[in-house]
Amino acid sequence: MSMDDSSPRLEVGFVIDTGDSFGGLMQLQDAIDSTEAKVLAEARVKAESKAIKQRADIEASVDRQVRLAIAQRVSDVAKSTATARDQVAAQMLVNAQVAAGLVPAARAAELVKDQIADLPLLAAIEAARTRGLTTEADRATKALADQRAARADLTTAERSAQFNTDMASGNDRLAQMREELRLVGATDMERVRALATLKATQEAQKYNPGDRAAYVEQQVEIAVGAQQVVEKQAELNAELRATADLFDTIDQTAQRAAQDMADAFGNVGSAIGDALTVMTGYYADQAKLQEAHKAAIDAAGDDQKKIDRENRLFSLRSSSQQISAFGDMTAAAKGFFKEGSTGYQTLATAEKAFRLVQFAMSVRAIAQDAIETGSKIANSVARIAVGATEAVVNAIKSLPFPLNIAAGAATVAALAGIGVSVAGSFGGGGKNNQAPTNSGTGTVLGDSSAKSESIRNAIDALKDVDTVTLSYSRNMAASLKSIDSQIEGVAALVVRAGNIDANAGVNTGFKSNATATMAGIGMAIGGPIGAGIGAVLTKIPVIGSILSGLFGTKTSVIGNGLSGGPQSVGSVLNNGFDASYYSDVKKKSSFLGISTGTKYSTKYGAADPALENQFTLILRQFNDAIVASAGPLGAATGDIQNRLNSFVINIGKIDLKDLTGEQIQEKLTAIFGAAADGMAAAAFPAVAQFQKVGEGTFETLVRVASTVEAVGASLDMLGTNTQAMGIAVKLGLADQFDSVSALTDAAGAYFETFYSKEEQAAAKTAQLNGVFGSLGLVMPATLAAFRQLVEAQDLTTTAGQSTYATMLKLAPAVRRSADLYGGCEKRG
């Protein structure tokens, strides 16, 4: 049934003034027409495709597939193009409405979205009318009307919800403003409490009625607590400022009083006045320092590095002020005695001791500051200064004690300021001459710093060959899997054992020798009295703690783990691997807070026998795997074993300090891989000619042996004599293919296509006989016998599990062989 061409077109999804936007309506109608064409095109392509599929001959079939592919691609492009045109038309129409002032700009995106959503139904209506499908056109028209009505209802509901939300938010803000106006003139705490109560009450409306009071109470408590912190902080800052101002006033008053005492009482009055001003000046300086320290800590915020640095500086400055004050008070006290008297000399000696400590702390402060800034000095400047260092140090050593100490400390600090360290010039060594730890490097061709990945790479290489019918590859894959599992077991043992070290008897930390050192300095300065004063200074709590950090030795453990000295493979196979626990110890001596020498040593202890046994098992499996390579490579196993027996393995020190379980396993894998590389190189020196850049020797050996075995098996299946072929020839043949599996696949396809069933049956039977022979079994005569053999395996043993798994993998090949070899029974 056809429809009258004069029937009206469908209206768009929103009200449009047709008088002002006739051009826009025409654009929309064009979009609908194009979509209609798209619908018809899709129907026609499907109909033609079905008709094409009913034809028969090959050439026609090819033509049909080509036409179908072209039609599909043309249809896809038509769809995307039509969709893009639809979207452009809808956007242009809305743009015109916005430009004409008929549609608010804020609704433009929404209207475009609605128009695009209507396009599929509009297109369907037009397609139905074009084809005369009245019923379908009516159904589509009703669906379009329903869709528009539902969308209008949804839009109205969403706008109402947004209006309600915005009004509620505005009411909350008005309530807050009224409350703030009411609180004008109230205290800060009253204001915080009231506003927090109002805000929490507003927020609590989203919770259950029974929970609202608890929420309000909690939020008010939080706000009040925060305000209390602010007030306490302000109170403390005010107290600090008041204390500093008070002591500053006292100090100024004391200075005036001291001058009056000197004028009134002469030397004694001057001594009393000086002692008073020293004390009041010290307290005033301490108050200012405390205030500055508090400000610096506040400014640091959450930056822990800045906080730690400020704490160190505050401690040093505070201690320096104390020592300086003690020295100044001792100097002032000399005024109570006549110059040259015993009392005067005793106080003079005490003053020298205090001044020495003050000097030492100043040197320490200079050195610490130099350390922080010295790293910024260019290396070239440091190299220029090195030439002068030796002459300076020699001059220091020529001075008498204790002048060389003072000169040495000052010179060290000065040199440190330009980036030159002369601490070692005072004696005590400083170089770490210990052997480096083993990280599994040095065996990868072309990169001596790369860690060996021979184990993992060898496992990956075997994935490219048939590890079921190829005996060497099967056994090697099983060995490598076992080795990888055992290395994981070693890592687990280490983690469970906890501390793998030889730290017994090692007392780490700083050990002070300040008492003896200060007594010796005091003896040199003031004789027995000076020695006593120097020793007593170390017992005073504040001064003693400072001096204790300036003189002594710091002991630390810089490395610990497992160690294995040089031992031959033959010794490991016969007697087991000999391992030890070790700890590398560093002792650093300091004088006046400056390093004067560093010594290194290594302590050893007995290792866990279980770990030693695991090392033995892993190295034994490497030995067996390498010896097994003799078969594919045509070498005598006795010769290979003799070479391995004489090869010396030197695992060295394996540093496990602060490593996670995963990091331990990764390091052990690299170290054992490097050991296997060395063993493989010793057993098969000629394999080096086939080693690729980036390979370890063991990885190369596995790749070469498995490739040679795979090539030989493929050629044997084809009846080709491989006896005269060398390793290089077989590898060259394999290189003609993308991979070893590509070679074996090609040979297999050729074999199945061009060889008779009798030839295939004979070759497959011979191949399977070899596989069963490598397992120590005889190939069953029937399928029933094969099944009985599979079911007879003892799955409680490792050997039984391995044989069982291999035979399950062989089952498809056994069945194919039975099908080819017609005389083999197929059912038990």
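## Exercises on a predicted model

**Exercise 1.** In this predicted model, what span should helix α12 (residues 471–497) have at 1.5 Å a residue, and how far apart are its end C-alpha atoms?

*Solution.* Start with the length: α12 has 27 residues. The expected span is 1.5 Å times one less than the number of residues, which gives 39 Å here. Now check the model: the end C-alpha atoms of α12 are 39 Å apart, so the two values agree. Stepping just past α12, you meet Gly498, with a positive phi of about 85 degrees.

**Exercise 2.** How are the rings of Tyr750 and Tyr755 arranged?

*Solution.* First, recall that a pair of aromatic rings is described by the distance of the centres and the angle of the planes. The ring centres of Tyr750 and Tyr755 lie 5.9 Å apart, and the planes meet at 75 degrees. Planes over 60 degrees apart count as edge-to-face, so this pair is edge-to-face. Next, look around: ring pairs join Tyr750, Phe751, Phe754 and Tyr755 in a cluster. Finally, Tyr750 has 40% relative accessibility and therefore counts as partly exposed.

**Exercise 3.** Which residues touch the most other members of the largest nonpolar core, and which helix supplies the largest share?

*Solution.* Begin with the core itself: it has 59 residues, and Leu562, Phe622, Ile626, Phe672, Phe684 and Phe698 touch the most other members. Then turn to the helices: α19 gives the largest share, nine residues. To see one member up close, select Phe698: its contacts beyond four places in sequence include Met476, Leu480, Phe622 and Ile626. Last, find a second, separate core of 12 residues, with Val771, Leu783, Phe786 and Val814 among them.

Notes: Residues are numbered from 1 along each chain as its sequence is written. This is a predicted model: local features need pLDDT of at least 70, side-chain atom pairs count only at pLDDT 80 or more; totals for chains, interfaces and linings use all residues. Side-chain values use heavy atoms; hydrogens and water are left out. Helices (H or I, at least four residues) and strands (E, at least two) are DSSP runs, numbered from the N terminus. Rings of Phe, Tyr and Trp (its six-membered ring) pair if their centres lie within 6.5 Å; planes under 30 degrees apart count as stacked, over 60 as edge-to-face and the rest as tilted. Buried means under 20% relative accessible area, exposed over 50%, partly exposed in between (1.4 Å probe, protein chains only). A nonpolar core is a set of buried Ala, Val, Leu, Ile, Met, Phe, Trp, Tyr and Cys residues joined through side-chain atoms within 4.5 Å. Contact means heavy atoms within 4.5 Å.
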